[in-house]
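Student: Please take me through the structure shown below, one question at a time.

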Amino acid sequence: MRQKTSTEIFTYWEQLRGNADAPLRNLIQPSAVRHILPQLFILESVPNEAPRFRLAGTAICSFMGRELRGESFAALWAGSQPDDPVRIAAGVMSHVVPALINATGYSISGRNIAFEMVLMPVRSAGDVCDRLLGCLTPVAHLSWLGSERLEFLALDRSSLLSERPARRVEVPLYPEPADLISRHDGAGLGELMRRKLNPKADGRDHEKVDSSRYRFNRLL
């Protein structure tokens, strides 16, 4: 990992899990990582489908030019290669081992930028590992990024991030790429993150910000 955001969230994840292979989801506190929330996301496993976004930070939604909540993880990737990233994400949950992905994002005008993505398993309870905590960080700050949306990401390479022994747990199976369906399920998570990072932006007081944090935790 070379990006500060990647290092920070991975260090936080390591601290939460302790001697376990993955932390419980209720241990994750948005307030502890509020300065990097725009670049974080949560994936959830879905029976007989690809993992999908349970929430996505405002920066990530801005990169892709749309709200990602409820959308298939496969929808981010180039049409000729959605299989590898989906299988990597599913493998992180099934084997409970974090992974690093290096990818390139391409805009419709042909511009491109490199990204670093970290995928970390999160347990609901016991041996149930059905969530992924992730981050997506550009390796450079380019003026066009955010104003010109990315059409897709292309996977360059990937690697595991843990030397601890991996173990397999029970998770839903995922379909072949041809069966994957993109999902678009409303909005609201981006706005929630936006309010948390700038609670005065819409005139809301601190009491309501705390309420949003509670909703955020419920969504994990």
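## Strands and fold

Student: How many bridges join strand 3 to strand 4?

Tutor: Strands (DSSP E runs of at least two residues) and helices (H or I runs of at least four) are numbered from the N terminus. Two strands pair if DSSP finds at least two bridges between them. Strand 3 and strand 4 run antiparallel, and the bridges that join them number 8.

Student: What kind of model is this?

Tutor: Residues are numbered from 1 along each chain as its sequence is written, and side-chain values use heavy atoms, with hydrogens and water left out. Local features need pLDDT of at least 70, side-chain atom pairs count only at pLDDT 80 or more, totals for chains, interfaces and linings use all residues, and the model is predicted.

Student: Which pattern does the chain follow along the sequence?

Tutor: The chain holds 5 helices and 6 strands. Read along the sequence, they give the pattern α-β-β-α-α-β-β-β-β-α-α.

Student: Which glycine in the turn between strand 3 and strand 4 has a positive phi?

Tutor: The two strands form a hairpin, with 4 residues between them. Within the paired strands, alanine 103 stands opposite phenylalanine 115 of strand 4. In the turn, a positive phi of about 100° belongs to glycine 110.

Student: Which residue of strand 5 is the bridge partner of leucine 119?

Tutor: Strand 4 also runs antiparallel to strand 5, and 8 bridges join the two. In strand 5, the partner of leucine 119 is glycine 134.

Student: How many of the 11 residues of strand 4 are buried?

Tutor: Relative accessible area, taken with a 1.4 Å probe and protein chains only, sorts residues into buried (under 20%), exposed (over 50%) and partly exposed (in between). In the chain of 220 residues, 51% are buried. Strand 4 is largely enclosed by the rest of the structure, because its buried residues number 9.

## Helix 3 and positive phi

Student: How far apart are the end C-alpha atoms of helix 3?

Tutor: The expected span of a helix is 1.5 Å times one less than its number of residues. For the 13 residues of helix 3 (residues 83-95) this gives 18 Å, which agrees with the distance in the model, 17 Å.

Student: Which strands help to cover the buried residues of helix 3?

Tutor: The buried residues of helix 3 include Pro85, Val86, Ile88 and Met93. Contact means heavy atoms within 4.5 Å. What covers the buried residues includes strand 1 (40-44), strand 3 (99-107), strand 4 (112-122), strand 5 (131-138) and strand 6 (150-160).

Student: Is valine 96 buried or exposed?

Tutor: Most residues other than glycine have a negative phi. Valine 96, in the loop between helix 3 and strand 3, instead has a positive phi near 55°. Its relative accessible area is 4%, so valine 96 is buried.

Student: Is asparagine 48 buried or exposed?

Tutor: Asparagine 48 lies in the loop between strand 1 and strand 2 (52-56). It has a positive phi of about 65° although it is not a glycine. With a relative accessible area of 62%, asparagine 48 is exposed.

## Cores, rings and cysteines

Student: Which element supplies the largest share of the largest nonpolar core?

Tutor: A nonpolar core is a set of buried Ala, Val, Leu, Ile, Met, Phe, Trp, Tyr and Cys residues joined through side-chain atoms within 4.5 Å. The largest has 32 residues, and those with the most contacts inside it are Phe41, Trp77, Met117, Leu119 and Leu150. Its largest share, 5 residues, comes from helix 2.

Student: Which residues do ring pairs link into a cluster?

Tutor: Rings of Phe, Tyr and Trp (its six-membered ring) pair if their centres lie within 6.5 Å; planes under 30 degrees apart count as stacked, over 60 as edge-to-face and the rest as tilted. The structure holds 6 such aromatic pairs. The cluster links Phe41, Phe53, Phe73 and Trp77.

Student: How far apart in space are alanine 154 and leucine 76?

Tutor: Alanine 154 lies in strand 6 and, at 13% relative accessibility, counts as buried. Beyond four places in sequence, its contacts include Trp77, Gln81 and Asn102. Alanine 154 and leucine 76 are 78 residues apart in sequence, yet their C-alpha to C-alpha distance is 8.7 Å.

Student: How many disulfides does a search of the whole structure find?

Tutor: Cysteine 61 is buried at 10% relative accessibility, and cysteine 129 is buried at 2%. A disulfide is a pair of cysteine sulfur atoms within 2.5 Å. The number of disulfides found in the whole structure is 0.
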